[in-house]
Amino acid sequence: MEPMLLRDRDERGVVTLTLNRPQSFNALSEGMLAALGEAFEKIATDDSVRVVVIGASGKAFCAGHDLKEMRAEPSLEYYQRLFAQCTAVMMAIQRLPVPVIARVQGIATAAGCQLVAMCDLAIAGSDARFGVNGVDVGLFCSTPAVALSRNVPRKAAFEMLVTGDFISAEEAHAMGLVNGVVPADALDEEIEAVVARIVAKPRAAIALGKAVFYRQLEQGMEAAYEDAGATMACNMMDPSALEGVQAFIEKRPPEW
């Protein structure tokens with residue numbers, strides 16, 4: 001049997017994680033969450049990784065939690081443990097020091113939509129559809145709502161949550177849930193274009209920047225500026241920034 005999470009890495013340090021349960025629309029089973037958590041833990045301590053791409057096998061990106069698995073053990077303790085596990089995986093994405101890009105084809109529903117929203121960037125195929133439709137089975141998508149409401153306007157998020165309606169890739173782009181939409185057969189090409197622009201920049205600057213970007217979102221304006229200013233001062237002392245500024249002054253490409 002193939003592993004439920006495929007891992008690949010190229011010579012640039014670009015890691016591709018592929019959800020590989022196409023028969024269940026890549027549902028986030030306990031095993032899948034554990035595999036993702038383990039992968040993120042390894043990436044977090046590997047300074048040679050530059051970008052992570054999360055994709056999926058088959059026709060769907062991710063159908064959310066595995067409802068059959070959830071229904072098999074109906075206890076409050078089990079559900080609390082499951083959702084805590086999922087939260088830990090989602091937060092691990094934000095805490096990684098490198099950008100994480102979702103490569104979305106087909107449907108991304110409930111916790112699958114949450115996974116897209118938690119990624120730093122997302123590119124969708126024109127056939128992609130997004131929904132937080134747990135309410136259709138009586139389960140309000142409370143944890144997906146955390147990520148969704150931090151990506152799209154409040155009323156748009158709430159409408160999706162209370163109606164269970166799906167939105168198209170183009171609608172997701174207009175709302176800010178994804179960065180771009182391309183024909184399904186052009187997904188890899190577009191992902192590569194984004195990756196190439198990222199790996200051309202200094203890793204240290206991106207790591208510092210990603211961390212402060214998410215920190216400041218949760219702070220008041222004054223605290224955010226204080227944090228950002230301190231981060232920029234530290235960033236400026238990094239050799240890559242000193243070289244980059246000097247190269248700009250001398251009108252030459254930086255030597256990173």
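Here is a short conversation about a sheet and two helices in this predicted model.

User: What are the ground rules for the numbering and the model?
Analyst: Residues are numbered from 1 along each chain as its sequence is written. The model is predicted, so local features need pLDDT of at least 70, side-chain atom pairs count only at pLDDT 80 or more, and totals for chains, interfaces and linings use all residues, while side-chain values use heavy atoms, without hydrogens and water.

User: What makes β1 and β9 edge strands?
Analyst: Happy to explain! Strands are DSSP runs of E with at least two residues, numbered from the N terminus, and two of them pair if DSSP finds at least two bridges between them. The open, mixed sheet has six strands in the order β1-β2-β3-β4-β6-β9. Its β1 (5–9) and β9 (180–182) each pair on one side only, which makes them the edge strands.

User: How do you know that β2 and β3 pair?
Analyst: Pairing takes at least two bridges, and β2 (residues 14–19) and β3 (residues 51–56) share six, in the parallel sense. For T18, the bridge partner in β3 is G55.

User: Why are Y78 and L82 of α3 called buried?
Analyst: Buried means under 20% relative accessible area and exposed over 50%, with partly exposed in between (1.4 Å probe, protein chains only). The buried residues of α3 are Y78, L82, C86, V89, M90 and I93.

User: Why do they line one face of the helix?
Analyst: The arc uses directions from the helix axis to the C-beta atoms. Down the axis of α3, the buried residues fall within an arc of 100°, so they line one face. The face turned away carries the exposed L76, E77 and R95.

Note on methods: Helix = DSSP H or I, 4+ residues; strand = E, 2+ residues; numbered from the N terminus.
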